[in-house]
Amino acid sequence: MSDDRRKWGLRRWSWIIGGTLFGGLVAAAIGLFTVLYTFGRDLPDIQQLANYEPPVTTRIHAANGQLLAEYARERRLFVPISAIPNKVVNAFIAAEDQHFYSHEGLDYIGIVRAALTNVVNVASDRRLVGASTITQQVAKNFLLTGEVSYRRKIREAILAYRIEQAFTKEQILELYLNEIYLGVGSYGVAAASLNYFDKSLAELSLSEVAYLAALPKGPNNYHPVRKEGAAIGRRNWVLGRMEDEGFITKAQQDRSADQPLGYQRGTGEDLFDAAHFNEEVRRELQNIYGNRALYEGGLSVRTSLEPTLQTIAETVLRDGLTAYDRRHGWRGPLGRINMEPAAQVNWQARLADMAKSIPGTQWQQAVVLRFDETDTLIGFADGSNGYIALNALKWARPWLSVDARGARPKHPEDILSPGDVVLVESIHSEEGKTGFYELRQVPMIDGAIVAMDPHTGRVLAMVGGFDFNASEFNRATQAKRQPGSAFKPFVYAAALDHGFTPSDLILDAPFVIDQGFGMGKWKPANYSNKFYGPSTLRLGIEKSRNLMTVRLAQNLGMQIVSDYASKFDIMSDMPETLAMSLGAGETTLMQLTAAYGMLVNGGKRVQPTLIDRIQDRRGRTVYRSDDRSCIDCQPGMWQQQAMPHIDDIRETVLDSGTAYQIVSFLQGVVQRGTGVRIRAVGKPLAGKTGTTNESQDTWFIGFSPDLVVGVFAGFDQPSSLGKKETGSSVTAPIFRDFFKQALEGKPAIPFRIPPEISLVRVNAKTGLPTSPDDRNVILEAFKPGTEPTATRSVLDGSSQMEQMGNQSPVGTGGLY
């Protein structure tokens, strides 16, 4: 009986214990189901991670790959996991989630360890530690808020499990390493690499990688400057974890732990400065893709800009505008500081408050302190001093008007006073002394320069003004101004296309049209106010003869001239009045430069382009300016195969023979005409000056065989630059200096002559074939069957007067 009773008692306890365990399991299952249902029913859909694209920095590059600009709301660079070095991945796994590759979203060992640690921390008032895995951090960063509560932790755990079921470990790491915030405005490891060390991920040392992996727990707690000791300690802890996990050796750990942090904040100083060009690219991207793609899309934009040419363009434009400004005198100081002892003014502090920098120059602000016998003592905000010699002030005759200046200063006091705040630039004195400066002033005149490949339209350099910080207005693309005589080549191109030859004669004599009742008579004139009688077409361009051009346009009919302006994209719907033939319409420097490019490239249409290629964040090309296909351009290997052929799909806008004849005319402008200053370059160049009525706009547009350059200068509010200022004096020197530097050390390349053109020796003045004793000889370009004979008529315009009807000229057009 006792044995049966004992067995029955054991069975009874077994039932009780089993029932209790079963009940506990059921209760736990019900509890777990309740938790999962309660906290999991309204969770965000994890599938949005599959299509997640974090805001990524858009980067603009020059043609040689140099970085020009970055546009972003958050400084983040997206890097695919395949491009992230293993040592970066290993460092973050060792520091943040050592069981990452083995758990399914939750690290249960880590949870137990954190719970035991927190028991001790609670008792000692220390900060509680967590056990979040990388997957949990992805869930929190992408799908949840930063709320600190048990509710959020449960939701985070559920989401982490779901993420592990839906995504690979590599995908989770890619999301994590590109999203995590690592301080100093850095989102993602690539941005942090640049911001902390000014390096790409591939360039980071083991020590630097370990420091980045130390930051997720709190970037501000491990700031490399303010909390350097804590930062080094945390970095060394990461190195120790990497050694524990077998990612590095003990020797590597020790070497890396002995290194300094090596903090070198990325300052952006490696950006190439091309402000007007960058802004034009930014506006174009904004118009095409919108703000979101521009500031968050992570576009990689390869532009056409050539930094070498851009630097030359910046320099020569600034120097040219400054040279014009100095010719017209000194307008006075930037401001004044009261230097009287009674005022008790800290002039260094006041000067620092007035600080003004001029990008691209070495100009500094200084205050005039006192005068010596011939020198002016100046002071700088840092407390240093310098001198302005009297010789450096000789240019500074007081400005009276655009055409008048005061007397040359004989003493510094003639133009300066103690307390004057001025701009100066360091120079070497004639005696070789240092510490001497020259007086400077910011020009009132402004301008622009564009350099372009005439065969493709790629803009190689563009400067839209003297100082982008002072004015973002781009005078190359936004300023519509009268081109003046720079438009004339297109009138002559129309004439050559319609039966005229270079040796045909046009009367250079007074020309008068009655403009209608009460309007008076229109009397265009040459710049010289002289008349030269019958002259060849070539001379009409070389000497920029207004009267010849008007007669030629009258003979052709202004509808034809207007059609050519439209065909070359200079201006559309140009009024059909004779003044337009002298450049009285309006266009931009970019448009006119492209039009000249179509002359030198043989008459093929080109459109100015600033962007060569755009790639999305994953490197896929989404835009190419040259969309021609070339199947054979990328063969597997060179096997002596024929060169690939790429079709020329450019539209023909001008007969190639006519185009070369105009190029030849414009070479004459440089050799014998209004652009003779350009001849100093010593290379084959061609171009045309442009000056509008009252010298309000000055231009020079020209080219070598493979480079077309346009220069414009004038006041933003149109007014006279001065009676003696023209395209020859203001813009031609800028063009000359650009080509001097751009072509330095390069061979002279002649202009390409179409096979149908014949070069005939003619007299430069008469245009007739030369005799043996003729000395004034040039080679003239003729189309087949148009070579000159001894008998020629003179176009005087009389037969066209009756055809003019009521066409009244508007404005006066170009003068020179």
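Modeller: A nonpolar core is a set of buried Ala, Val, Leu, Ile, Met, Phe, Trp, Tyr and Cys residues joined through side-chain atoms within 4.5 Å. Buried means under 20% relative accessible area, exposed over 50%, and partly exposed in between (1.4 Å probe, protein chains only). This is a predicted model, in which local features need pLDDT of at least 70 and side-chain atom pairs count only at pLDDT 80 or more, while totals for chains, interfaces and linings use all residues. Residues are numbered from 1 along each chain as its sequence is written, and side-chain values use heavy atoms, with hydrogens and water left out.

Colleague: How many residues are in the largest nonpolar core?

Modeller: Phe277, Phe490, Leu552, Phe568, Tyr596, Leu666 and Phe703 touch the most other members of the largest nonpolar core. The number of residues in this core is 88.

Colleague: Which helix gives the most to this core?

Modeller: Helices (H or I, at least four residues) and strands (E, at least two) are DSSP runs, numbered from the N terminus. The top contribution to the core is nine residues. They come from helix 18.

Colleague: How many residues does the other core have?

Modeller: This core lies apart from the largest one. Among its members are Phe92, Phe142, Phe167 and Leu206. Its residue count is 49.

Colleague: Which residues are in contact with phenylalanine 277?

Modeller: Contact means heavy atoms within 4.5 Å. Neighbours within four places in sequence are left aside for phenylalanine 277. The residues that remain are Leu68, Thr303, Ser304, Leu305, Val459, Met462 and Leu610.

Colleague: Which strands stand at the edges of the open sheet of five strands?

Modeller: Two strands pair if DSSP finds at least two bridges between them. The open sheet of five strands is paired antiparallel, in the order 15-14-24-23-22. Each edge strand has a single partner, so one of its sides is left without a neighbour in the sheet. The edge strands are strand 15 (459–463) and strand 22 (686–691).

Colleague: By what angle are neighbouring strands of this sheet turned against each other on average?

Modeller: Axes are lines fitted to C-alpha atoms, for helices over the stretch in contact, and angles run from 0 to 180 degrees between N-to-C directions. For this average, direction is ignored. The value is 5 degrees.

Colleague: Which residue is the bridge partner of glycine 687 in strand 23?

Modeller: Strand 22 and strand 23 (residues 697–704) are antiparallel and share six bridges. The partner of glycine 687 in strand 23 is glycine 702.

Colleague: At what angle to strand 23 does helix 18 run?

Modeller: Helix 18 covers residues 589–600. It lies across strands 14 (446–452), 15, 22, 23 and 24 (707–714). To strand 23, its angle is about 30 degrees.

Colleague: Is serine 704 buried or exposed?

Modeller: Serine 704 has its place in strand 23. Beyond four places away in sequence, serine 704 touches Val600, Pro684, Leu685, Phe739 and Phe751. Because its relative accessibility is 6%, serine 704 counts as buried.

Colleague: Which residue takes a positive phi in the hairpin of strand 20 and strand 21?

Modeller: Strand 20 (residues 611–615) and strand 21 (residues 621–624) run antiparallel and are joined by three bridges. Arginine 613 is opposite arginine 624 in strand 21. Five residues lie between the strands, and the phi near 85 degrees belongs to glycine 619.

Colleague: Which residue of strand 27 is the bridge partner of leucine 505?

Modeller: Strand 16 (residues 505–508) is joined to strand 19 (residues 533–536) by four bridges, antiparallel, with leucine 505 opposite threonine 536. Strand 16 also pairs with strand 27 (residues 794–795), in the parallel sense over two bridges. There, the partner of leucine 505 is valine 794.
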